[in-house]
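Work through the exercises below with the structure open beside the text. Each task is followed by a solution in steps.

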Amino acid sequence: QVQFVESGGGLVQPGGSLRLSCAASGRLPSIATMGWYRQAPGKQRELVAEITIGGNTNYADSVKDRFTISRDNAKNAVYLQMDSLKPEDTAVYYCNLNYYVAYGRHDYWGQGTQVTVSS
């Protein structure tokens with residue numbers, strides 16, 4: 001089992017910033033990608049950003065140049081710095097850890113943290 005502690009969500013005005021944090025614990029795979037997904041009301045969950053254990057990153061086009069993902073492998077933690085926030089960034093943000101095994105991809109999810117961008 002893998003457990004997550006997520007923090008950093010909240011209410012912010014358009015143009016503001018927030019920093020999300022997620023720390024994983026438990027029976028962790030030795031090699032895993034960590035990242036953040038989000039789900040807005042009435043929409044499907046979508047990738048925001050992810051980072052491999054080697055530091056390679058992948059961002060959704062909608063957040064490029066505004067969000068920055070980083071990780072601390074020693075702490076099994078992943079962070080998401082969100083700048084220039086827009087109302088369309090409002091969603092529940094979920095921490096994700098995934099890895100591949102013989103039968104395919106295996107995902108673990110955090111409980112989610114609400115981000116609301118509104119004036």
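**Exercise 1.** Is N96 buried or exposed?

Solution. The model is a predicted one. Step one is the accessible area: N96 has a relative value of 0%. Step two is the cut-off, since buried means under 20%. N96 is therefore buried.

**Exercise 2.** Place N96 in its strand and describe its surroundings.

Solution. N96 belongs to strand 9, which spans residues 91–101. Strand 9 runs antiparallel to strand 10 (residues 104–109), and six bridges join the two. The link between strand 9 and strand 10 is a hairpin through two residues. Within strand 10, W109 is the bridge partner of N96. W109 also appears among the contacts of N96 outside the four nearest places in sequence, which are T33, M34, G35, Y37, R105, D107, Y108 and W109. Finally, the side chains of N96 and N98 make a polar contact at 2.8 Å.

**Exercise 3.** How many aromatic pairs does a search of the whole structure find? Classify each of them.

Solution. The search finds two pairs. A pair of aromatic rings is described by the distance of the centres and the angle of the planes.

- Y37 and W109: the ring centres are 5.0 Å apart and the planes stand at 75 degrees, so this pair is edge-to-face. Because Y37 lies in strand 4 (residues 33–39) and W109 in strand 10, the pair ties together parts that are 72 residues apart in sequence. Y37 is buried, with a relative accessible area of 12%, whereas W109 is partly exposed at 35%.
- Y99 and Y108: with centres 6.3 Å apart and planes at 25 degrees, the rings are stacked. Both Y99 and Y108 are buried.

**Exercise 4.** Over which rings does R45 lie?

Solution. Take the two rings in turn. R45 lies over the face of Y94, 3.8 Å from the ring centre. The charged end of R45 also sits over the ring of W109, at 4.5 Å from its centre. W109 is thus a shared point of two exercises: its ring pairs with that of Y37 in edge-to-face geometry.

**Exercise 5.** Which strands does strand 4 pair with, and what are the bridge partners of Y37?

Solution. Begin with strand 9: seven bridges join strand 4 to strand 9, and the two run antiparallel. On that side, the partner of Y37 is Y94. Next comes strand 5, joined to strand 4 by five bridges and also antiparallel to strand 4. Here the partner of Y37 is L47. Strand 4 and strand 5 form a hairpin with six residues between them, and G42 in the turn has a positive phi of about 80 degrees. As for exposure, strand 4 is mostly covered, with six of its seven residues buried.

**Exercise 6.** Which residues of the largest nonpolar core touch the most other members, and which strand gives the most to this core?

Solution. The core has 31 residues, and W36, L80, M82 and Y93 touch the most other members. Strands that each supply at least two residues include strand 1 (2–7), strand 5 (46–51), strand 8 (77–82) and strand 11 (113–117). Strand 9 gives the most, with five residues. In soluble globular proteins, nonpolar side chains tend to be buried together.

Contact lists give a local view. L20, in strand 3 (residues 18–26), is buried with a relative accessible area of 0%. Beyond four places in sequence, L20 touches residues including W36, L80, M82 and Y93. Y93 in turn is in contact with, among others, L20, W36, L80 and M82.

**Exercise 7.** Where do D65 and S84 lie, and what is the sign of phi in each?

Solution. D65 lies in the loop between strand 6 (57–59) and strand 7. Its phi is positive, about 75 degrees, although D65 is not a glycine. D65 is exposed, with a relative accessible area of 85%. S84 is in the loop between strand 8 and strand 9. Phi of S84 is also positive, near 50 degrees, in a residue other than glycine. S84 is partly exposed, at 41% relative accessible area.

Note on methods
Residues numbered from 1 in each chain as written. Predicted model: local features only at pLDDT ≥ 70, side-chain atom pairs only at ≥ 80, totals over all residues. Heavy atoms only, no water. Helix = DSSP H or I, 4+ residues; strand = E, 2+ residues; numbered from the N terminus. Buried < 20%, exposed > 50% of the residue type's maximum accessible area, 1.4 Å probe, protein only. Polar contact = N/O pair within 3.5 Å; in protein donor to acceptor, adjacent residues only side chain to side chain. Contact = heavy atoms within 4.5 Å. Pairing = 2+ DSSP bridges. Phe/Tyr/Trp six-rings, centres within 6.5 Å; stacked < 30°, edge-to-face > 60°. Lys NZ or Arg CZ within 6 Å of the ring centre and 35° of its normal. Core = buried A, V, L, I, M, F, W, Y, C linked by side-chain atoms within 4.5 Å.
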